[in-house]
Amino acid sequence: MTLFRRTTGMTLNQYLTRYRVATAQRLLATTELSVTEIALHSGFGSQSRFFEAFAAACGMPPSRYRRQARGG
């Protein structure tokens, strides 16, 4: 874990959360899956944790991100 943190500059948990949010961003922009389905497909254990992590990383809720990603 220490080596991972030294190499990446983040903890494994932070890395996984970033990866999951990036996956969710891609799915929001390219699919018609519901936000709940995207949360689960991205690896989040609950919708509330997904909303919390997504808003912290992107500065907006997933639904607004989807509208903006699609030019709306």
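Here is a short chat about the helices and burial in this predicted model.

Analyst: Quick ground rules: this is a predicted model, where local features need pLDDT of at least 70, side-chain atom pairs count only at pLDDT 80 or more, and totals for chains, interfaces and linings use all residues. Numbering runs from 1 along each chain as its sequence is written, and side-chain values use heavy atoms, with hydrogens and water left out.

User: What makes the pattern of the protein α-α-α-α-α?

Analyst: The protein has 5 helices and 0 strands. Helices here are DSSP runs (H or I, at least four residues), strands are E runs of at least two, and both are numbered from the N terminus.

User: How do you know that the reach of helix 2 is close to the expected one?

Analyst: The expected span is 1.5 Å times one less than the number of residues. Helix 2 (residues 12–30) has 19 residues, and its 27 Å from first C-alpha to last is close to the 27 Å expected.

User: Which residues in helix 2 are called buried?

Analyst: Thr 17, Val 21, Thr 23, Ala 24, Leu 27 and Leu 28. Buried means under 20% relative accessible area, exposed over 50%, partly exposed in between (1.4 Å probe, protein chains only).

User: Why are they said to be on the same side of helix 2?

Analyst: Because they cover an arc of only 160° around the axis, taken from the directions from the helix axis to the C-beta atoms. On the other side of helix 2, Arg 18, Tyr 19, Arg 26 and Thr 30 are exposed.

User: What covers the buried residues of helix 2?

Analyst: The cover includes helix 3 (35–41), helix 4 (47–58) and helix 5 (62–69), with contact meaning heavy atoms within 4.5 Å.
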